[in-house]
Amino acid sequence: MAEMQKSWRDGALRLSTLPLLVLMGLFFVIPLIMTALLSFQGTQYYRLVWTWDLNVWTDVFSQIHYWKIMWRTLTMALVCTLLCTVLAIPIAYGMLHRLSRWSDQITLLMVFAFLTDAVLKTFGWVLFLDRSGVLNGTLESIGFPPAAVNVLFSPNATMIGMVYNLLPYTIFTTALSMARIDRDLVLAARDAGATRLRAFVEVTLPLAKPGIWAGAVLVFVLSLGVFLEPKVMGGGTSPLAAELIRQSFETRVNWPLGAALTLVLIVIGAAVLAVAGALAFWQARRGSND
Amino acid sequence: MTDQMEKRLADFVLYGSVIAVLIFFYIPIATLILFSFTQSRFLSWPISEFSTRWYGALLADRDFWSSLGNSALLAVLATVFATLLGIGGAFAWSRYKFRFQWGFRILTFAPLLFPQLLLGVVMLLWFSVLAGWLNLSPGLWSAVIGHVIYITPFCIVIISVQMQGYDDTLDYAAEDAGATRWQILREITLPLIWPGIFSAAIFAFLLSWGNFYITYSLSGSTRTLPTFVFSGIAVGSSPIYPALATLTFLPALVLIFAVGSLRKRAARRRLIKIAEG
Amino acid sequence: MASPIIQATGIEKYYGTYRALSNITLSVANGEFLALVGPSGCGKTSLLKILAGFEDLSGGSLIIDGQDMAGMPASARPTRMVFQKLALFPHKTVAQNIGFPLHLAKRPKSEIDTAVRRMLELMHLKESYLNRYPHELSGGEQQRVALARSMISQPPVLLLDEPMSALDAKLKKSLQAELKHLHRHVGTSFVHVTHDLEEAMMLADRICVMRAGKIVQIGEPSEIYYRPADAFVAGFIGDTNLLPAKITRAGEGFEFSCDILQCSAPRLGADQVAAGVAAGADALLMIRPEMLRLLAPGESADCTLAGTVSEYFIRGASIQYRITVADTEIVMDVPGTSVLPAKQGDAVQLGLSLSDLFAVEA
């Protein structure tokens, strides 16, 4: 109804939006601009110097070291996104349609696992996978050689940690959109002669696509910025971009470099999101033309 | 492939994946709980002797208590601000229509699309400048702001979802019955979206409580539990952390099941309404 | 007529450039039951919202209970509304719902309690319902609670926005009767929006038919039914027969000629022709299905039609026939009988009285 149409002179609209706008402006938009500006400065003896030049940028683009780390970050993020997205589909479906009686309890168990301190959980993985950890200790006691599973402190361990910490996002978004699908549509497909798998592929998957996409986007973005898993589980052997950024602020105290690397990562993230968005849009348009 | 075989295979994959993922999710959690009861200084399996000595050691650790205090203060402040802002934001998101609404939505959702570390780092740069001007150094205050920026979008989304089924005519009916705008809000709207607000607050609290990246970048020398643990395990695994984990899991579990039962009650009420048309 | 409770003069409503209401002038007498009817999109709901204060006027004036409504919010108006979807507050009990207007007005608890119980009685609701929640009631009971909430502060005007549209036919009938009874009992003016002209005729003292943002006709139910202003109003209820005819003036009255209607003296009185019909022009003769009757062989009537039965439907109290006369399909309702008076394919003679005819503009 027309009453909900608000003008910017409306008190309720101002009350509900202005504090947020001020907050986001002051502490999100301005900092982003600041970051962009800082990347054109330099450092001397651990102090910021307002040089207004492109030194940091030429540095970032000319050193193969940075390229390698950015590439590794991007591939790790993409692999992690793919794993989380694909794994979430049977999990979400099974939760909703096989264990539906328990789906509330399962959801709560997942939310709990998801919301507990990530640092502690990552540490828990170290204790589990360690040479003398739960896994290897158990294997040894049933006759395997000592330290049979030697995965900790490798990129694979990093990936386990990343998938562990990010999988809940894709499960939740996928389950949300699958739960909204009218079961009669699936029955109609079965009635029309589709096998279970066909009905799933032809009806459930396309209709759950918004949730699957949303989860994938979230996971991709979050996986670009991890340094906890590479450091704690990967043992720092193959650092990712976030570690580089952390170091440039912390150990090297080179803020312009940190700012530039941050921007590079933001741009990579935005570029992948833009491609994904364009693909989704193109597909939606093609779908509507059919 | 026969239909029966297909069904059995599907059941196997679906049941199996849910059970597998639950085990996967609880591996580190169970590991921590197990190790919290070890007697040994070294966290190696199998545990030869059980004790609660590390709980004692943890409770005697002054850094633990100060981190706990900081975590609690940070989480409470972030929850209050993020929930209040989230209520306003959710109204603007889903109940009002206004010019530049899309811009507003994008701006208030954008922090969710940022890797947390970058969000923290970007703010850190600005806070350092501000701190230079105002003669402050980053600490709990900047961590609170960082958490609010990061958590508010979650609150907006959760409360908006609660508002999805909201019937606008209830507001008109209240107005028709003589209610002022404030009375409508207090008597009708807030009680009806209360489950959403409550879950947003709990969610906000837990997100803030367990947050690592933003606290790490913004809290200066102030330690919260996650950064306290991180700095501890970075130097070598100390046996007090499993005890710490076990102790902090309990309140989170209680909070989450509180939200669960509340949501279910609200959902049931709505379901009956729909069933009766 | 005493001074009207609602006086709307020249009301205009624009949504952007779309003109939703144009030049609506309407008055409702104290204690009157007025029905606003029309097809969806005719502006009846917009008009109701303007009366309630949920929409602003783009032009014109509105006076309710002697006060100018300009700029007055819905909460301060002397009107109460019953919503289409009822809008019962799901988190409040029946008692809290009904007493809500008094609760807002900060009346003492004892007074609210007495008033709620009085309403409960008036609406034939059980006292045990007081502490139930709306979702625990049946559709009809929810309806009564909504009515009770709107009536509790004894508003001079009650606005009803198709409150029965979601109910099944049987429940609707009984609630209509109750609503009529309630209206007589409380003496409040009712303005009732509906798209169902049958409901409007049953309930209202006067009916206002709207179309495309304009008032087409206001009048008592019999006027609307037997003396429609034009073909639109005539066709708005039931299956009306509209036969093309030519009208010419003849003294005080009119003469007409219609190809498929044989009349011994084709004359209409001055009151049998709608205002817009120009003499000598094409017109439509309106024949309600129940005005036609089957003629026995040799029986005569003022006017007759000869045709063949193409279809019939047994509707309980009546039987509806579709009869092909020349190339035109004629609808006829005859009282239901256990022995069918005519079957498919039968050649039949239909008769009607001249006084039942009414001509509207073509």
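In the predicted model, eleven residue pairs, both members at pLDDT 80 or more, are in polar contact across the interface of chain B and chain A. Within the side of chain B that touches chain A, helix α1 (residues 3–35) of chain B supplies the largest share, with 21 residues. By residue class, that side of chain B comprises 68 nonpolar, 15 polar and twelve charged residues. Two salt bridges are counted between chain B and chain A. A salt bridge with an N to O distance of 3.0 Å joins the side chains of A:Asp10 and B:Arg181.

The contact involves 93 residues of chain A and 95 residues of chain B. About 8500 Å² is buried between the two chains, and 80% of this area lies on carbon and sulfur atoms. The residues of chain B that lose the most area to chain A are B:Phe25, B:Leu125 and B:Trp126, which together make up 8% of what that side buries.

Helix packing across the interface includes helix α1 (residues 11–38) of chain A and helix α5 (residues 116–134) of chain B, whose axes come within 8 Å and cross at roughly 85°. Because this angle falls in the range of 65 to 115 degrees, α1(A) and α5(B) are roughly perpendicular to each other. On α1(A), the contacting residues include A:Leu26, A:Phe27, A:Phe28 and A:Ile30, as well as A:Thr35 and A:Leu38. On α5(B), B:Leu119, B:Val122, B:Leu125, B:Trp126 and B:Leu130 are among the residues making the contact. The residues of this helix pair contact divide into 16 nonpolar and one polar, with no charged residue.

How values were computed:
Residues are numbered from 1 along each chain as its sequence is written. Chains are lettered from A and ligands numbered from 1 in the order in which they are written. This is a predicted model: local features need pLDDT of at least 70, side-chain atom pairs count only at pLDDT 80 or more; totals for chains, interfaces and linings use all residues. Side-chain values use heavy atoms; hydrogens and water are left out. Axes are lines fitted to C-alpha atoms, for helices over the stretch in contact, and angles run from 0 to 180 degrees between N-to-C directions. Helices (H or I, at least four residues) and strands (E, at least two) are DSSP runs, numbered from the N terminus. Angles under 35 degrees count as roughly parallel, over 145 as roughly antiparallel, 65 to 115 as roughly perpendicular and the rest as oblique. Contact means heavy atoms within 4.5 Å. Ala, Val, Leu, Ile, Met, Phe, Trp, Tyr, Cys and Pro count as nonpolar, Asp, Glu, Lys and Arg as charged, and the others, Gly among them, as polar. Buried area is the accessible area (1.4 Å probe) that two parts lose on being put together, summed over both. A salt bridge is a side-chain nitrogen of Lys or Arg within 4 Å of a carboxyl oxygen of Asp or Glu. A polar contact is a pair of N or O atoms within 3.5 Å; within protein, one must be able to donate a hydrogen and the other to accept it, and residues adjacent in sequence count only if both atoms are side-chain atoms.
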